[in-house]
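Please open the model in a viewer and keep the selection panel at hand. The tour proceeds by selection, from whole chains to single residues.

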Amino acid sequence: MYIPHTDQERQEMLATIGVESIEDLFQDIPDKYRFPHLDLPDGISEMEVLDQMKLLADANYSTNDFVNFLGAGAYDHYVPAAVDMLLRRGDFFSAYTPYQPEISQGTLQAIFEYQTLITNLTGMEISNASHYDGATAAAETVITAYYHFRKKRNTVILSPYINPEYIAVIKTYLQAARDINIIIPDIKSPAHFADTAMDLISEDTALVFFQYPDFMGNLFDYTKMIRKVHETGGLTASIVYPLALGLIKSPSTMGVDFIVGEAQSLGLPLSFGGPYIGFFSTKKEYIRKISGRIVGETVDEDNRRGYVLTLTAREQHIRREKATSNICTNQGLNALAVAIYLSLLGKTGLKKVASICYQKAHYLADQISSIKGFALLNQAPFFNEFVIRCPKKASVFSKKLSEAGILAGYDLANFSDNNANELLVAVTEKITKEDMDYFVETLQEVQNA
Amino acid sequence: METLSDRKYAKTDEWVKVQANSGRIGISDYAQDQLSDIVYVEFIKEPGDPVEKGEVFATIESVKAAADVNSPVSGIVKELNEALMDTPEVLNNDPYEEGWLGLIELSNESEIGDLMEAEDYESYCESR
Amino acid sequence: MPEKTIYELSSSGRVGFTYPELDVPQKDLPKNFLREDLPLPELSELDVVRHFTNLSRLNYSIDGGFYPLGSCTMKYNPRINEVTSRLPGFSATHPLQPIETVQGNLLLMYLLQEWLNEITGFDAATLQPAAGAHGELVGGLIIHAYHQFKNDGKRTKILIPDSAHGTNPATSNMSGFDIVSIPTDERGNVNCEVLSKKCDETTAGLMLTNPNTLGLFEEEVVRVNKIVHDAGGLVYGDGANLNALLGIVKPGQLGFDIMHINLHKTFSTPHGGGGPGAGPVVVSGFLEDFLPGPIVEIIEEAKGDLPPLYGFNFPEKSVGRMKAFHGHFGIMIRALTYMMVQGKDGLRSVSEHAVLNANYLMKLLKDVYTLPFDRTCKHEFVLEGYWQDVPDVHALDIAKRLIDYGFHPPTNYFPLNVHEALMIEPTETESKDTLDNFADALLDIAREAKTTPQLLKEAPHNAPVKRLDEVKAARELILCCWNPDQQTK
């Protein structure tokens with residue numbers, strides 16, 4: 001399939017090359033291993049593959065089959081129809097990386113606009129063209145801080161309330177790094193991180209890294225901690241849920257140096273976890289230290305405005321072993337989706353959807369905590385995700401609720417054994433009051449049974 | 001390709017011009033031409049820092065390349081030409097005078113003898 | 001006419017998208033966490049659709065024309081992939097749903113792992129890496145972990161041919177290794193004598209791209225890999241050029257221990273203007289325990305009428321998690337759709353025609369453009385974009401002039417071991433007609449270079465913009481649009 005050659009054309013081409021058959025072009029493959037048998041099925045038609053894929057898709061229960069309260073790093077927001085319709089344009093998705101800028105101005109300008117939108121949202125000065133996801137953006141942040149201090153500061157302090165998968169990825173990325181010391185302090189509760197971090201920082205601290213809202217949904221103001229880190233000469237970074245920034249103030253107002261995170265919530269479907277997009281923003285002074293592609297504005301020979309990939313001397317294809325990262329790509333089409341989503345929602349729309357999420361989440365939190373035996377654990381303000389303590393193991397409730405068509409939230413037994421009675425519940429604008437009342441009723445029923 | 005005879009050259013394309021017990025260092029005309037349009041200069045050393053012969057002193061970035069400047073001499077850094085950070089193009093236009101990178105108080109004058117004279121450096125460049 | 005930016009198109013008060021009315025009581029918002037100002041643009045839906053539609057029209061794409069970028073494999077992106085990946089049963093699944101509710105997804109991933117293993121001749125796979133470079137990092141980390149496990153900490157060096165892609169040394173550095181460069185010989189192969197000398201007890205491994213970036217199959221590949229194994233090192237295969245080998249040879253049988261695969265090259269998933277792709281990694285059995293987690297396995301065997309239960313597992317000595325969740329699932333759907341359509345014979349036909357096309361095109365051009373390595377190539381070949389008698393004309397100028405002829409230029413200035421390189425990879429989805437037209441254009445440009453070189457030096461003349469000032473971009477660093485809410489640019 002998708003091969004246009006006719007028998008005649010093949011013959012003409014072989015004659016031009018000067019060989020008898022296509023096999024003759026593979027003489028340099030060792031005889032013993034040439035043309036192996038592939039133990040795979042025969043090819044099928046488009047109609048058949050669609051049927052087979054439908055069978056697989058139908059073997060799932062998707063969030064369309066449940067009322068969904070699962071968050072924990074991937075959020076079920078509504079994606080406006082215009083986003084996907086624009087992504088289907090072959091001029092966008094079948095284009096390559098814009099290495100020939102004269103014929104890639106569409107991609108380049110879209111990324112330039114994406115960069116601007118991210119800086120507007122986060123309140124930082126610059127953004128790159130994106131990383132693979134929030135977790136790898138976080139890992140790249142740690143690496144950036146380490147190289148910034150020319151390896152003279154070797155300690156990185158991570159909040160234990162950063163998404164555990166992000167912490168795992170940071171550790172993976174650093175396993176071969178000679179002498180970086182990662183400290184994840186044991187703290188009594190999320191509210192204690194700032195004080196604990198302030199006690200731990202020293203002249204050897206390269207970076208203090210927190211999440212906002214944290215993994216349990218809490219919002220804290222870290223201004224004091226950030227000031228103290230800066231006084232000792234270190235850097236600070238925050239992982240942020242970007243949609244929350246439509247309503248909630250950005251950590252840029254607290255003085256943080258890097259704001260990174262997962263932008264899936266800004267126009268990408270859940271898609272079982274990927275592909276997503278990691279955004280990365282910081283202050284202008286660090287521009288040469290960061291990895292990833294960057295688009296800049298310039299002019300052409302006729303003085304017309306245009307866009308190009310810039311500061312490429314930082315990247316792997318030039319620095320090679322001296323590059324701080326091997327990253328060779330961004331999440332192009334996904335950055336475009338985010339740019340379209342934010343353009344469409346704009347100032348009013350993003351604030352609106354963030355407010356709706358906030359209000360609905362608070363309604364649900366109130367309702368659940370009024371059931372005997374259940375409690376809302378968040379002591380700090382939260383955005384749209386919160387923790388409920390159940391009278392028994394959370395898994396008991398989530399299993400029963402699943403049978404009733406509800407994905408109750410993320411079982412925090414996955415976070416630690418001490419949290420086994422806890423559920424992390426997320427609410428988005430797609431959830432209705434009826435959905436939430438049904439959730440509460442069902443919880444009540446399970447509790448009574 | 002210009003090579004001035006009043007200074008000595010390293011194989012890695014840096015020059016040093018001795019003044020009393022100090023050496024002014026920079027990159028050669030050949031080097032700036034190879035790099036083409038320079039967009040940024042980053043100093044790795046600060047005034048007061050010790051530097052060993054061969055140690056990275058600065059990094060120069062152009063649109064298509066990034067290169068380390070290795071100090072051709074050992075000593076203590078006295079001065080840096082920080083103006084280059086705002087006008088890096090000076091390195092392309094005048095690598096031998098206005099485009100000097102640093103002034104180093106020499107700790108081992110015999111190192112100068114190991115470097116190439118202008119004609120030797122010129123032949124070396126032609127052979128590349 | 002340059003397209004305005006979304007900020008320039010913005011008009012205060014315009015609304016592009018609305019939501020249903022709030023159906024729950026409103027609570028007060030936490031005052032000390034409220035955002036003061038949100039400086040986003042304000043556009044109508046038509047503004048947005050028109051703007052991005054107009055931007056798309058400024059792009060060259062595979063849909064629009066021939067894209068012979070070496071080592072990128074710009075083959076046609078089948079539309080059916082776009083349909084299957086959007087089936088709501090797939091796209092509406094949350095990564096943290098209980099595994100019993102996503103057996104369709106897990107089976108799809110399991111099948112993809114099996115197909116990739118069978119095609120490449122390896123034993124186990126991870127689908128988690130998000131891109132080729134990410135898969136390469138997995139390779140580097142596995143080599144590192146393997147030697148640590150064997151208490152062989154003195155293995156600190158990775159050998160890399162001088163023709164290698166920049167990610168190879170960058171990855172080695174990230175994996176904690178020093179790099180030793182191995183030269184290429186006159187036939188375009190790794191220099192085995194130098195390799196033998198440099199392989200010793202400090203060798204952690206070799207990173208080898210086969211076919212290499214010159215488009216040439218390593219004639220002594222089995223010997224090369226054996227040299228490294230005999231010295232106690234591992235061999236990592238950069239699978240960027242796998243499009244030449246489907247059904248032709250299984251790299252796992254040639255002595256490679258680990259390999260990454262680019263789904264967005266070999267397996268037709270879209271390039272997206274620079275991602276998202278996917279870079280699965282396949283390994284030989286003895287490295288299976290080091291794979292990043294989670295990987296998909298059968299966790300309960302089939303029983304009677306019940307199918308097996310698929311789930312996630314973390315390998316025992318795993319190098320760890322490479323990203324959040326499970327990998328680029330949306331890309332996996334596209335790749336498996338493509339593989340199933342091709343089937344075993346289709347896959348072999350892909351590589352046969354990729355190699356046929358490359359050799360045909362090479363033959364049409366080799367008399368006018370210098371071919372540094374005159375051997376049967378695989379799916380791509382490298383020419384010199386330079387003639388001694390017109391020394392002012394460079395590969396860049398030839399590339400820019402091709403744009404005027406309606407073609408995307410080939411890869412420029414890579415690999416580094418060819419002077420003024422033009423790396424050309426036609427792919428199997430291009431017809432003889434397209435190749436003939438492309439060859440004619442390059443031959444015309446060669447004539448123009450001698451008679452009217454200005455046409456090349458000033459190209460492109462017919463693109464939406466002329467040559468852009470990259471120096472100005474790097475010196476002035478304007479990285480954001482003008483935002484009316486910010487006083488500074």
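The stops below cover a predicted model, beginning with chain A and ending with individual loop residues.

**Stop 1. Chain A as a whole**

Select chain A and orient the view along its principal axes. In that frame its C-alpha atoms fill a box of roughly 85 × 55 × 50 Å. A cartoon representation displays 13 helices and 15 strands. Of the 449 residues in this chain, 62% count as buried. Among the contacts in chain A with a separation of 6 or more, 73% come from residues 24 or more positions apart.

**Stop 2. The two domains of chain A**

Colour chain A by its domain assignment. Domain 1 comprises 67-78 + 347-448, and domain 2 comprises 81-341. Placing a marker at the C-alpha centre of each domain gives a separation of 28 Å. The contact between them draws 22 residues from domain 1 of chain A and 22 residues from domain 2 of chain A.

Now restrict the selection to the side of domain 1 of chain A that touches domain 2 of chain A. Both α11 and β12 (385-389) of chain A supply at least two residues each there, and α11(A) gives the most, with 6 residues. Colouring by residue class on this side of domain 1 of chain A shows 14 nonpolar, 5 polar and 3 charged residues.

**Stop 3. Helices α5 and α11 of chain A**

Select residues 105-122 of chain A, which form helix α5, together with residues 332-369 of chain A, which form helix α11. How are two packed helices described? The description uses the angle between their axes and the distance between the axes. Here the axes come within 9 Å and cross at roughly 60°. α5(A) and α11(A) are therefore oblique to each other, and their crossing is left-handed.

Display the side chains at this crossing. On α5(A), the residues to show are Thr107(A), Ala110(A), Ile111(A), Glu113(A), Tyr114(A) and Leu117(A); they meet Gly332(A), Ala335(A), Leu336(A), Val338(A), Ala339(A) and Leu342(A) on α11(A). By class, the residues of this contact divide into 9 nonpolar, 2 polar and 1 charged.

**Stop 4. The partners of chain A**

Add chain C to the display. The contact between these chains involves 168 residues of chain A and 166 residues of chain C. Which helix gives the most to the side of chain A that touches chain C? That helix is α11(A), with 23 residues. The side of chain A that touches chain C has 80 nonpolar, 52 polar and 36 charged residues.

Next, show chain B. Here 4 residues of chain A are in contact with 6 residues of chain B. On the side of chain A that touches chain B there are 2 nonpolar, no polar and 2 charged residues.

**Stop 5. Helices α10 and α12 of chain C**

Hide chains A and B, then select residues 329-365 of chain C for helix α10 and residues 432-451 of chain C for helix α12. Their axes come within 10 Å and cross at roughly 30°. That angle makes α10(C) roughly parallel to α12(C). The crossing of α10(C) and α12(C) is right-handed.

At the contact, Asn357(C), Tyr360(C), Leu361(C), Leu364(C) and Leu365(C) in α10(C) meet Leu435(C), Ala439(C) and Leu442(C) in α12(C). The residues of this contact divide into 7 nonpolar, 1 polar and no charged.

**Stop 6. Val393 of chain C**

Centre on Val393(C), in the loop between β10 (381-384) and α11 (395-404) of chain C. Is Val393(C) buried or exposed? It is buried, because 22 other C-beta atoms lie within 10 Å, and the cut-off for burial is 20 or more. Leaving aside residues up to four places away in sequence, Val393(C) touches Trp387(C), Ala449(C), Pro453(C) and Leu456(C). Of these, Pro453(C) is 60 residues apart from Val393(C) along the chain, with 7.0 Å between their C-alpha atoms.

**Stop 7. Backbone geometry in loops**

Remain in chain C and select Pro294(C), in the loop between β7 (281-283) and β8 (295-300). The peptide bond from Gly293(C) to Pro294(C) is cis, with omega near 0°. Then move to Pro460(C), in the loop between α13 (454-457) and α14 (470-476) of chain C. A cis peptide bond joins Ala459(C) and Pro460(C), with omega about 0°.

Two residues with positive phi complete the tour. Thr73(C), in the loop between α2 (45-56) and α3 (79-84) of chain C, has a phi of about 50° although it is not a glycine. Thr73(C) is buried, with 27 other C-beta atoms within 10 Å. Restore chain A and select Ser130(A), in the loop between β2 (126-127) and α6 (134-148). Phi of Ser130(A) is near 115°, and the residue counts as buried, with 29 C-beta neighbours inside 10 Å.

Technical notes:
Residues are numbered from 1 along each chain as its sequence is written. Chains are lettered from A and ligands numbered from 1 in the order in which they are written. This is a predicted model: local features need pLDDT of at least 70, side-chain atom pairs count only at pLDDT 80 or more; totals for chains, interfaces and linings use all residues. Axes are lines fitted to C-alpha atoms, for helices over the stretch in contact, and angles run from 0 to 180 degrees between N-to-C directions. Helices (H or I, at least four residues) and strands (E, at least two) are DSSP runs, numbered from the N terminus. Angles under 35 degrees count as roughly parallel, over 145 as roughly antiparallel, 65 to 115 as roughly perpendicular and the rest as oblique. A crossing is left-handed if the near helix is turned anticlockwise from the far one by less than a right angle, and right-handed if clockwise. Two residues are in contact if their C-beta atoms, placed from the backbone, lie within 7 Å. Ala, Val, Leu, Ile, Met, Phe, Trp, Tyr, Cys and Pro count as nonpolar, Asp, Glu, Lys and Arg as charged, and the others, Gly among them, as polar. Domain bounds come from an automatic or database domain assignment. A residue is buried if 20 or more other C-beta atoms lie within 10 Å of its own, exposed if 12 or fewer, and partly exposed in between; C-beta atoms are placed from the backbone.
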